Amino acid sequence: MVEIRLEDMLYLPASDSNLPHVTPAMVLDCLEGYDVLTPLPEGRRIFRWFAAFSSNAEEFPVLLTLPDASVLFACDSRNALAFLAQRPSAFALVLLEPDDALEPFEPYLDRVVVIAKDERSSSLAFALQSFFIKILLWENDLEHIVLREGSMTEMLDASASILKNFVFVSDANFNVMARTTTVDPPDDLHRDIIKNGCLTSRIIAEPRFRLPEKTFYTREASDITPFDRVSYPVHINHSYFGSISMACNAWPDTEGLRDLFRTLARYMTPLCERLWSKQAALNLPSYFFFIKLIEGEPVEQDYLEAQMEMANLEAMGHFKLIMLDVDGDVEPDRATVVSRAATGLNGGDAYVFPYREKLLVLCYDQALDGRLSHRFTAEDLMGRIYEPYGVVAAVSSVFTRLADLDLAYRQTLIALELAGAVDREQFTDGLERAGGVYLFEDALLYYLVDPSLRDRRFMEFIFENSLVSLLYQEDVRNGTNHTALLWFYLQTERNATAVANQLHMHRNTVLYHIEKIEKRFDFDLASKTARDWLLLSFKQFFLKMSDSSLAGIFGAAQATEAPAGAGSTGAEGVSC
């Protein structure tokens, strides 16, 4: 490995940050007029910079700040074969000497483009330098427009010298939102579109439809326009926002032009996101803050705290996520009324927002006082969502760190995916359950026996906020032993007398504390689902505490008997 010398390369970037994104197709468009002897390799490859070296170079160049796969190497056929064999991930633009054969390069057609050498070849390195710097400056301009929250029109005008063609942006309802002002509409079709401010079916003489994600739409020149047309969609979290459309009036539709168009769309999307978030009828201060958390993007603590303050969540210590199975793109009217109804969930302490063909509801509360209990949530969802609209809901566990929103989202996905299995289960407790509402705890046992891989962080998250964990933490702080009381009550199949004998307590004291726990957390041990979840939580708890004996965990099982009677407070249990 050697550092590149000035005579071997025209410019070496200091780092790989803020470098351009150039594809082989874009390079070939830049070198129009050269005699290209090999087809463009299949697959997408992105060059961040280039390196040109001559046939008498003693060693092949290495860009110390970039991997070979991110560099476009330019060389001649005299040393290209040795270079390709020595550097298996490198891509080369090869100038073929008149006397050299093309056949030796056939094994490398997946990472080489061969061009016939002619009198212009001496300026190839300068042409590459000019092109890469041009794309670098363009992308920097687009980045600055995004950072200062500029307009779509600014971004289109900044792209006029690169794309050369007339471009405009339309929303999901086909209304024109922005256009290139430095390039006039090239024909009657585009003049009518701009004049009317909308792509009507009459103007474009074809049906209108929303473009699929990451798919180009093309129309060849016809009676209504002498130019080819190209459109590319903008999707926000997989929901269609609009499209960027171009008339190929100055530059024909090529693969290189489409790659440039993708770059424009990538920088345009943040501007569309901001516009969409301002126009969306959501009771949500920062929609994309929640999306960042759901998608697991790393966020700084300062950013997290600032966004929580903006959303009035900084004082909230408990959360629950609900997924409503309704798609706003497929059923917009139904999704709208369901979204409005969902804002009343949890007493109005809820944020409602769309995400990936579903509606999500983030419920919050300052304390674990019963409003976030599954019983309350299920009844709330039945009355507000399922009975009037028939929309099924999946519900996560209660959690305490908003940064774990991605894990709660996974819980709702699991609950919804396993809804059929939960429905088929024959419950034997005889209790009436809310239909159309699926709790993660209902699906957990099915998830645990599913052979799919699971990660440790997610498994720990499932149990760390369980009732068993909360009770044990309180026992440690307060010197109580409610964890042991609940465990033995479950193990003896709710036999209060057996528990009293085990813990040397009065039977009425056992029942008093059990009723107090049930009322506090708003659940019923008569429910088989509740008992199954608690027993599973205890199993995980014991596994976590596997270095201690049961007696060591619960302490010496002794307590002072309390007097009989429903109003008796009795002893709180033995100390841990």
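## Helix 10 and what follows

Just past helix 10 comes N312, a residue with a positive phi, near 60°. This is a predicted model, and helix 10 itself spans residues 301–310.

Which residues of helix 10 are buried? They are L304, Q307 and M308. Because these residues cover an arc of only 100° around the axis, they lie on the same side of helix 10. Turn to the face directed away from that buried side and you will find the exposed residues D302 and E309.

## Helix 2 and its cover

Helix 2, made of residues 77–86, offers another set of buried positions to look at: S77, N79, A80, F83 and L84. Their arc around the axis is only 155°, so they sit on the same side of helix 2.

What covers these buried residues? The cover of the buried residues includes strand 2 (71–76), strand 3 (91–96) and strand 4 (112–116). On the face of helix 2 turned away from the buried side, the exposed residues are R78, A85 and Q86.

## Helices 17 and 18

Here is a helix pair to inspect in the viewer. Two packed helices are described by the angle between their axes and by the distance between the axes. For helix 17 (residues 467–478) and helix 18 (residues 482–491), the angle is about 140° and the axes are 8 Å apart. Angles over 145 degrees would count as roughly antiparallel, so with its angle of about 140° helix 17 is oblique to helix 18.

Which residues bring the two helices into contact? From helix 17 come L467, V468, L471, Y472 and D475, and they meet H482, T483 and L486 of helix 18. By residue class, the contact of helix 17 with helix 18 has five nonpolar residues, two polar ones and one charged one.

## The whole protein

Stepping back, the protein contains 22 helices and 14 strands. How much of the chain is buried? Of the 576 residues in the protein, 49% are buried.

The contacts give a view of how the sequence comes together. Taking contacts between residues at least 6 apart in sequence, 62% of them join residues at least 24 apart. As for the outside, the accessible surface of the protein is about 27700 Å², and carbon and sulfur atoms account for 50% of that surface.

Notes
Residues are numbered from 1 along each chain as its sequence is written. This is a predicted model: local features need pLDDT of at least 70, side-chain atom pairs count only at pLDDT 80 or more; totals for chains, interfaces and linings use all residues. Side-chain values use heavy atoms; hydrogens and water are left out. Buried means under 20% relative accessible area, exposed over 50%, partly exposed in between (1.4 Å probe, protein chains only). Helices (H or I, at least four residues) and strands (E, at least two) are DSSP runs, numbered from the N terminus. The arc is that of the directions from the helix axis to the C-beta atoms. Contact means heavy atoms within 4.5 Å. Axes are lines fitted to C-alpha atoms, for helices over the stretch in contact, and angles run from 0 to 180 degrees between N-to-C directions. Angles under 35 degrees count as roughly parallel, over 145 as roughly antiparallel, 65 to 115 as roughly perpendicular and the rest as oblique. Ala, Val, Leu, Ile, Met, Phe, Trp, Tyr, Cys and Pro count as nonpolar, Asp, Glu, Lys and Arg as charged, and the others, Gly among them, as polar. Accessible areas come from the Shrake-Rupley method with a 1.4 Å probe; for residues, only the protein chains shown count as cover.
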